[in-house]
Amino acid sequence: MTSGSPGLDQPLFLPRERLGALISELQSRGYIVVGPVIRQAAIVYDELYTVDDLPRGWTDLQEAGTYRLERRADEQYFGYVVGPHSWKQFLFPPVATVATAVATEAGWNVTAADGRDAPQFAFFGMRACELAAVAVQDRVFIQKDYADPIYKARRDKAFFVAVNCTQAAPTCFCASMNTGPRCTVGFDLALTEIDDGFVVEIGGERGRNVIVALGLAAATNDALRDAEAARRRAADGQTRSMPTEGLRDLLVGNPNHPRWTEVAERCLSCTNCTQVCPTCFCSSVREVTDLDVRQVERRREWDSCFNFDFSYMNGGVVRNSVRSRYRQWLTHKLATWHDQFGESGCVGCGRCITWCPVEIDLTAEVAAIRGDVS
Amino acid sequence: MNFSAPPPLNPWTTHSVEVVDVVPEILGVATYQLRFTDPLVRAAYSCVPGQFNMLYLPGVGEAAVSVSGHDVAGDAWLHTVRTAGGVTQTLAGLGIGGNLALRGPFGTSWPVERFPGSDIVFVAGGIGLAPLRPAVEWALDHGDRLGRITLLYGARSPGTVLFASQFDAWRDRGLCIDVTVDRSDPGWLGRVGVVTLLVDRLRPLAPENTILLTCGPEVMMRYVARAALDRGLSAEQIWVSLERNMQCAVGFCGHCQLGPAFICKDGPVFPYDRMAPYLNTEDL
């Protein structure tokens, strides 16, 4: 595969009424198909049983601190952007058992999780920013010396059906983070929705094996042109951007900028941004025991650098103030992530802007720090 | 040529260890000699000075503890621990023959490979001498290839001098030891004051040919580093061992970050020049 070209194969055309056949094909191959569904007035990710579970004809309206669903004028299946969920919860579960310990006559018998019972997921409807987010977490959890067994087993088995965005939310800024809106890499299949169906790009052998079973025809030039126009709408529709040039040094070099104090007066330290972020990876391990402490589970749960006791050590807390915790989150996400993993920890999905109850917008915070400094 | 790298390890894998001895040190501090139950693990395990293990007490939790020595005859690894939280209290209650689990070793080492040809200055505060002890031993074992080896040690009081019973043997092997306490008592004939004063007064000192390693409270290490810089050492010649909340030990849980570093895998031992800007920022 050459870079920038999503697949060697010629794109195929999937008629709209056969979208369900792709879900069935994945199910017949043993995949648990997870995709967008409407729950509690939001588009979230959950198991798909049939094509009718998809949020057909709905879209999401987003702004800082605002999210709501609205009927579309058409019957698009993927006519929304992103909701509060990301695929993170399936690869890096919010609660997972990393080890179990059983008391025996000879002492404790401790068994580490090995991922052997990992479910085999097919993610149905991944956006470009979400593919990028998975790649970011791959570098966190699958390293040269150590790999998290739970993440790796789920990741190795997962099948990715990407769907190119055909619209942008006002909170989107993937273009400026270089992660989208076009899906170019990391998928098994990538769909672009047009009026009467989907143009399907094939990302590799595994995707090809699935899609050939549907016996599809090649996409016509008209379909390809419509798909290109639809994708361009998502790119052209982006109004937000993150000024990334020199960003690492800007944030690392300004730990005492007055803006940190100012934003801390608004920030509730509620952890919403870290929970919806598709790359935030912090966790804590808790001992969960039976009543006589003979059976013990080491339970890993998502944690957040916004939690007061996250930096607890030797009877004290290192990051005592909201100021220091917001600074840690933003500086890590946009700056020190580069030192650690060679890239930004932000993919530009905009979830932290939408789901912040007090409308804090990280692009505005960066602009404020940049504006005062340069 | 193509070498295939070994697959990454499972960080959650533990090994069963037995407490073969407990040596009370100072009040509230004991050294636990831990031996792997499985002879194969016993044979395979090794670590370098400065690294730490995660000690796991099922039902209670884990604690990151630096290795403070190796009992070769007993094939046991020494962990010097202050009884503080739930894990260390439970460990203290286990007694000889007690069983727990261990995973490790993790983290970076003191720069012992740079020792030959240099004067070495160890600066320890309180229980911070424990993570330094394997490096002190290494230096004394290779004393013929090193210059002058010095330990500057600060304790709160004469009764809290860690490993004091070992000092004479260390002196016999060529270690220059200077001890100071924050508060003296009637029997104390030694120095009183903070350990940084010992750095100020250190004679002789060839700054261009000295490696200084320090471990203790973070504020102490900052002042030690400042004193060493004042004495003409460069920041690259100063090494610190840092501590933060750790839950995974391999950079997955996020707790131990300080600036760009994961203390668990990029540290705990760092050259001071790498961490100085972050150590001198409040609440980072």
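1. Strand E3 of chain B has both of its faces covered, since Phe52(B), Met54(B) and Tyr56(B) on one side are all buried, as are Asn53(B), Leu55(B) and Leu57(B) on the other. In a regular strand the side chains alternate between the two faces of the sheet. The burial count for E3(B) is 6 of 6 residues, so this strand is largely enclosed by the rest of the structure. This is a reading of a predicted model, and the points on confidence below should be kept in mind alongside it.

2. The neighbours of E3(B) can be followed through its bridges. With E4(B) the pairing is antiparallel and runs over 6 bridges, and Phe52(B) has Ser66(B) in E4(B) as its bridge partner. The hairpin that E3(B) and E4(B) make has 3 residues between the strands, and Gly59(B) in that hairpin adopts a positive phi near 90 degrees. E3(B) is also joined to E6(B) by 4 bridges, again with the two strands running antiparallel, and here Leu55(B) is partnered by Leu102(B) in E6(B).

3. Strand E5 of chain B deserves a similar look, as 6 of its 7 residues are buried, which leaves the strand mostly covered. E5(B) is connected to E4(B) by 4 bridges in an antiparallel arrangement, with Asp71(B) standing opposite Ala76(B) of E5(B). These two strands form a hairpin with 4 residues between them, and within the turn Asp75(B) has a positive phi of about 50 degrees. E5(B) further pairs with strand E2 (residues 29–36) of chain B, in the antiparallel sense and over 6 bridges; in this pairing Ala30(B) is found opposite Val81(B) in E5(B).

4. The same strands bear on how the parts of chain B meet. The domain assignment divides chain B into domain 1 (15–106) and domain 2 (112–279), whose C-alpha centres lie 22 Å apart. In the contact between them, 16 residues of domain 1 of chain B meet 21 residues of domain 2 of chain B. On the domain 1 side, the elements giving two or more residues are strand E3 (52–57), strand E4 (61–71) and strand E5 (76–82) of chain B, with E4(B) giving the most, at 5 residues. By class, that side of domain 1 of chain B consists of 9 nonpolar, 5 polar and 2 charged residues.

5. The contact between the chains draws on 32 residues from chain B and 43 residues from chain A. Within the chain B side, strand E6 (residues 99–106) gives the most, with 3 residues; E6(B) is also the strand that 4 bridges join to E3(B). The residues on the side of chain B that touches chain A divide into 15 nonpolar, 14 polar and 3 charged. For the complex the predictor gives an ipTM of 0.94 and a pTM of 0.95.

6. Chain A has 13 helices and 16 strands. Its radius of gyration is 22 Å, close to the 21 Å that the globule rule gives for 374 residues, so chain A is as compact as a globular protein of that length. The C-alpha trace of chain A spans about 65 × 65 × 40 Å along its principal axes, and 49% of the 374 residues of the chain count as buried. Among the contacts in chain A with a separation of 6 or more, 72% come from residues 24 or more positions apart.

7. Which strands lie at the edges of the 8-stranded open sheet in chain A? The order in this sheet is E3-E2-E8-E9-E10-E11-E1-E12 (chain A), with mixed pairing, and the edge strands, each pairing on one side only, are strand E3 (42–47) and strand E12 (217–218) of chain A. Elsewhere in the order, strand E9 (residues 159–163) and strand E10 (residues 189–194) of chain A pair in the parallel sense over 3 bridges, where Val163(A) has Leu191(A) in E10(A) as its bridge partner.

8. On confidence, chain B has a mean pLDDT of 96, with 99% of its residues at 70 or more, while chain A has a mean pLDDT of 95, with 97% of its residues at 70 or more. A reservation applies to residues 1–7 of chain A, over which pLDDT stays under 50 and for which the model has 11 contacts beyond four places in sequence. Where pLDDT is low, the predicted coordinates should not be read in detail.

How values were computed
Residues are numbered from 1 along each chain as its sequence is written. Chains are lettered from A and ligands numbered from 1 in the order in which they are written. This is a predicted model: local features need pLDDT of at least 70, side-chain atom pairs count only at pLDDT 80 or more; totals for chains, interfaces and linings use all residues. pLDDT is the predictor's confidence in each residue, from 0 to 100. Two residues are in contact if their C-beta atoms, placed from the backbone, lie within 7 Å. Domain bounds come from an automatic or database domain assignment. Ala, Val, Leu, Ile, Met, Phe, Trp, Tyr, Cys and Pro count as nonpolar, Asp, Glu, Lys and Arg as charged, and the others, Gly among them, as polar. The radius of gyration is taken over C-alpha atoms; the globule rule is 2.2 Å times the number of residues to the power 0.38. A residue is buried if 20 or more other C-beta atoms lie within 10 Å of its own, exposed if 12 or fewer, and partly exposed in between; C-beta atoms are placed from the backbone. Two strands pair if DSSP finds at least two bridges between them.
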